[in-house]
Amino acid sequence: MAWLSKSLNSSLGKKLLMAITGLFLVSFLVVHCGLNATVFFNDGGETFNKGAEFMAKNPFIRTMEIVLFGGLLLHILDGLRLWIDNKKKRPVAYAVVDGAANSKWYSRSMGLLGTLLLLFIIIHLKHFWYFSRLTDNLTEEHTLFHEMQAIFASPVVVVIYVLGCISLAYHLLHGFQSAFQTLGWNHPKYTPTIKCIGAAYSIIISIIFAAMPIAFHLNLIH
Amino acid sequence: MEGNLNLTLKIWRQKNAQTAGKFETYQVSGISEDMSFLEMIDVLNNRLIEEGDDPVAFDHDCREGICGMCSMYINGRPHGPNKGVTTCQLHMRSFQDGQTITIEPWRAEAFPVIKDLVVNRSAFDRIIAAGGFISVNTGNAQDANSLPIPKDHADDAFAAAACIGCGACVAACKNASAMLFTSAKISQLALLPQGQAERAKRAEAMVAQMDEEGFGACSNTGACEAECPKGISLENIARMNREYFSAVFTSK
Ligand code: HEM
Ligand code: SF4
Ligand code: FES
């Protein structure tokens, strides 16, 4: 297996790991977003709570939760490793850099956007995952839906969530299509479609996620 | 060739790889719009020599956009502000009277400065030596028509072979990555029947050498493609990823 670890530690291998874990996270967000969007049904969180309960009990979902944490951790550690490695490759910096002339700012800022996402994810896990999985505070009278109402009453929290969603949008605006390029999928037949789907996915999913704290805060959801 | 451009040049001066460098500021006047950028530096150097100063060292050879020697990072971009040209093909009409122009060498761990604007690009030669070749039998040349090559393969191989090894892709990349160069060299052979014998070994060996030389990984920003004077496409990097991973899983 030396051949495998050697190739996964090459510059191309590190990126392959980034792309696979990144696309896995992309697929997770579809489920996460779909389920959470049921709060917009305005049924007092009935559908949402049912879904959340199913997710909490189903053994397959619980296993996938572990895989998800593993994938996220790999993505973060590999991203950190790439960032450190890449930094070293230009020991003397340029005095003048006209980055905007040849690339998008967010494509050059994946490490920064990822770090913002990480900070957001820590806060987010503390708010809901910790509350529902590691405390006894979740009851019939105080469901996850009620907890969302309580958390999003704070304007500071709403601002943090909206900033988190903006970081996500830009991370994926570059990341989605970039992952396919890393996997070697670049062809005039389908690359324009991938880019189009990637942009749509990044923007739509971020808007739906951002709408939740805003709507809760403005009491549009009850 | 007299003109009416007066310019302020901030040029990186460095004695050798061991000593630290710094920017020096020079004024040049009467520069013609029809001069190439290198000719403008020639004017400065003539004056420096007359004044008994050390002229600015820079690489150049063909001065017609085909050798890839004229590496200069001009106002934050490799080969200056225009698309699809090397520094020798950049003309002074692309600048305005009174402008300040900052000129730096390529900056990369793998391209150490030799003097002033001259960097050592032999890392590229070692990447090619690691696998950028084909084996050819001795004896009579084969009839060319006995090797059918699809037109689109020939076109793509030709486009990849246009790479002149200038290093602008490395200079432009925030990670000083050599993926565009290496992928062009892998592609031009992988696409043709003559390149098949060494195909898997080539991809593995050239990628390993690229990493060993100290070039960075690819963040797919596309800066290399945008700055490449020969229009080498990012499709080559995707092809290199395919070549490398299929080699990893199939080579013995
Ligand atoms: C939690 C904190 C995160 C960090 C620290 C992080 C970091 C990074 C970094 C540094 C890169 C660029 C690597 C490079 O090209 O050099 C990257 C790429 C990527 N990230 Fe993240 N990320 C995070 C979260 C996420 C999330 C939540 C998703 C998806 C929902 C995601 C999806 C992607 C994708 C698809 C790529 C592109 C991979 C490629 O270029 O091949 N990331 N990430
Ligand atoms: S790929 Fe383009 S920029 Fe890079 S060395 Fe070749 S010609 Fe120069
Ligand atoms: S001097 Fe040959 S390409 Fe510029």
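This is a chat about the ligand site and a sheet in a predicted model.

Trainee: Hi! Anything I should know before I start clicking around?

Mentor: The model is predicted, so local features need pLDDT of at least 70, side-chain atom pairs count only at pLDDT 80 or more, and totals for chains, interfaces and linings use all residues. Residues are numbered from 1 along each chain as its sequence is written, chains are lettered from A and ligands numbered from 1 in the order in which they are written, and side-chain values use heavy atoms, with hydrogens and water left out.

Trainee: Cool. How many residues surround ligand 1?

Mentor: There are 24, and the closest are A:Lys15, A:His75, A:His171, A:Ser178 and A:Thr182. A residue is near a molecule or strand if one of its heavy atoms lies within 4 Å of it.

Trainee: And which chains do the residues around ligand 1 come from?

Mentor: Chains A and B, so the site is shared between chains.

Trainee: Any polar contacts there?

Mentor: Yes, taking a polar contact as a pair of N or O atoms within 3.5 Å; within protein, one must be able to donate a hydrogen and the other to accept it, and residues adjacent in sequence count only if both atoms are side-chain atoms. A:Lys15 has a polar side-chain atom 2.7 Å from an oxygen atom of ligand 1. For A:His171, a polar side-chain atom lies 2.8 Å from a nitrogen atom of the ligand. From chain B, the side chain of B:Ser219 has an N or O atom 3.0 Å from an oxygen atom of ligand 1.

Trainee: Which helix gives the most to that shell?

Mentor: H2(A), with seven residues. Helices (H or I, at least four residues) and strands (E, at least two) are DSSP runs, numbered from the N terminus.

Trainee: Switching topic: what's the strand order of the sheet in chain B?

Mentor: It's an open sheet of five strands, S2-S1-S5-S3-S4, with mixed pairing. Two strands pair if DSSP finds at least two bridges between them. S2 (22-31) and S4 (77-78) of chain B stand at the edges with a single partner strand each, so one side of each has no neighbour in the sheet.

Trainee: How do S3 and S4 of chain B pair?

Mentor: In the antiparallel sense, over two bridges. B:Tyr73 has B:Pro78 in S4(B) as its bridge partner.

Trainee: Last one: is B:Thr102 buried or exposed?

Mentor: B:Thr102 sits in strand S5 of chain B and is buried, with a relative accessible area of 7%. Buried means under 20%, exposed over 50%, partly exposed in between (1.4 Å probe, protein chains only).
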